[in-house]
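Colleague: Could you take me through one part of this model closely, namely its salt bridges? I'd like to hear how the partners are placed and what surrounds them.

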Amino acid sequence: MKEAKINKHPDWRTTARERAIYITGNLARGFNSTVFSANITLFLMMNGINLANLAVITLVIKIIDSVDDVLFGFIVDRINLKKSALFNKFVGSGKYLPWYRLTFLLFPLATVAFYLMPATWSNTAKIVWYAVTYLLFDLTYTLCEVPMNSMIMTITDSMEERHHIQTISALGTVIGAIFVSVVSSFLISEFVGFSIRATGIGFTVLFSLLMLPLAVYGKEHNAEMANVENDNKEEYTFRQMLSCLKQNKYLLIYLLSLFIMTVLTSLNGTMGMFVGFYIFNNSQANTMAVLVAFVPSLLMMSQAQKLAKRIGGNRQVLISFSLLYAAVYALMFFVARGNLVMFIVMTVLCTIPNSFLGVIRTFIIPDTIEYTRYKTGQDCSGIFYALLSFVNKMTNSVGGSLGMLILGMCGWVNVNATDFADLAAQNVAQNAGAIDALWFISTMFPAIGALIGAGIVVFYRLNDHDAELMAKCNAGEITRAECEALLSHKY
């Protein structure tokens, strides 16, 4: 049986165990970020902090953090820890795995520090605590995410194997994220009344334990590039790194689309429990829709690779499904307010294509990295995934900041509660203008974001098959001349 599995995928580089621990570790990291992103706006709004102040300080934090992300991406690409006299004895071999071993525990420590904000402190003191711990969270998130995501390039050079790992990861993300979101939101809802602080810390400890096996047993099989000059390997300057980024127009197009779309669509998630609580008298309204969409989403995601090929490739999928997403959310604004059943139905219709898009998005970054490696002979995986990390953090933070700013301008009444049971007991009412704004930013903003995102992706024209050929050339499976002859057009 073992021999049959090996023959079925002769070009795969990893064992089933290696794939499992990589996927598990990556999922655990992502789940910790998911819980934090879902809870941060709720936690801050429940702590009675002025929303306008929060919006401003969040944007300042993101500006500072943008420098950290790019700098660490450069450091990861430039410095090989296995050659370091200080670290090589305990970080092991590889290109990105040593960085993961060195940094992965810092992320959960910073997360716990954020949740320990003293509830009795003044508004100013809470904002200072938030600013310091959020900066630490963002920095350690990058320290952990960049090497972990970059490892998809070094654990294997097989595009089929990468897509297999990414598809399983995406399926696991949906399953786990739904479980985590349902349990987390239910615990802090008016039906249970568990505090946001205790819920967040509990999940953080659990996810940290699940990240440990990758640090102990992980392996990289494709850490070196082929078909490039020796002096181009690993040793290059920050200026050369920026040149890599400048040449990768496809990455820039994709990240711009991702940023605009997810900044505006994230408002639905960050404000979701307040939408349910104040518009449908049930903070679990969005959770019910997620549960209904669970099985259909999994079916769509499991067939992502096949459907993408039938539709015409990653680009066509991103455009068509984003347009569908935009249309449903725009319709929701007009017909679903106050109607819980209609709200659930239309949220399900948005969740299913969005889950499918989640798989396809994981294919894009490795394709653009292979393109850059092919064009420049340099491996810029670290900085590219640092940029992705920055965009992911910016989307939730800027989205939440934008939502809080609008609600504050529309007269949102500040609340001070540990959870929604406490909020219900206090019976804090909101004015009509704030409720109108809450509904608008949770429906029309996602529609506008998806529409703009689809329009930008029109300019992304990296052929999927060409990216696969470039990966084979970069790994030394075919020569550069053979690759050039097979490409659909000159790049």
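**Charges and salt bridges**

Modeller: Happy to! Let's begin with the charges themselves: the chain carries 35 positive and 31 negative side chains, and the centres of these two sets lie 1 Å apart. Please keep in mind that this is a predicted model. Among those charges, the count of salt bridges comes to seven.

One of them pairs R19 with E161, whose side chains meet at 3.7 Å, N to O. R19 belongs to helix α2 (residues 16–46) and E161 to helix α8 (residues 159–188), so this pair ties together parts that are 142 residues apart in sequence. Both R19 and E161 are buried.

Helix α2 also contributes R29, which forms a salt bridge with E145; here the closest N and O atoms are 3.4 Å apart. Since E145 sits in helix α7 (residues 123–154) and R29 in helix α2, the pair ties together parts that are 116 residues apart in sequence. What are the accessibilities here? E145 has a relative accessible area of 2% and is therefore buried, the cut-off being under 20%. R29, with a relative accessible area of 6%, is buried as well.

The salt bridge between D436 and R337 has a different setting, with an N to O distance of 2.8 Å. It links distant parts of the chain: D436 is in helix α20 (residues 432–457), R337 is in the loop between α16 (314–335) and α17 (340–376), and the two are 99 residues apart. D436 counts as partly exposed because its relative accessibility is 39%. R337 is also at 39% relative accessibility and so counts as partly exposed. Beyond these pairs, R162, E370 and R373 are joined into one network by salt bridges that share partners.

Now for the chain around them. It has 22 helices and zero strands. Of its 491 residues, 57% count as buried. Among contacts with a separation of 6 or more, residues 24 or more positions apart account for 83%. The C-alpha trace spans about 70 × 50 × 50 Å along its principal axes. A compact globule of 491 residues would have a radius of gyration near 23 Å, and the chain's 23 Å agrees with that. As for the surface, the accessible area comes to about 19700 Å², with 66% of it belonging to carbon and sulfur atoms.

How values were computed. Residues are numbered from 1 along each chain as its sequence is written. This is a predicted model: local features need pLDDT of at least 70, side-chain atom pairs count only at pLDDT 80 or more; totals for chains, interfaces and linings use all residues. Side-chain values use heavy atoms; hydrogens and water are left out. Helices (H or I, at least four residues) and strands (E, at least two) are DSSP runs, numbered from the N terminus. The radius of gyration is taken over C-alpha atoms; the globule rule is 2.2 Å times the number of residues to the power 0.38. Buried means under 20% relative accessible area, exposed over 50%, partly exposed in between (1.4 Å probe, protein chains only). Contact means heavy atoms within 4.5 Å. Accessible areas come from the Shrake-Rupley method with a 1.4 Å probe; for residues, only the protein chains shown count as cover. Lys and Arg count as positive and Asp and Glu as negative; His and the chain ends are not counted. The place of a charge is taken as NZ of Lys, CZ of Arg, CG of Asp or CD of Glu. A salt bridge is a side-chain nitrogen of Lys or Arg within 4 Å of a carboxyl oxygen of Asp or Glu.
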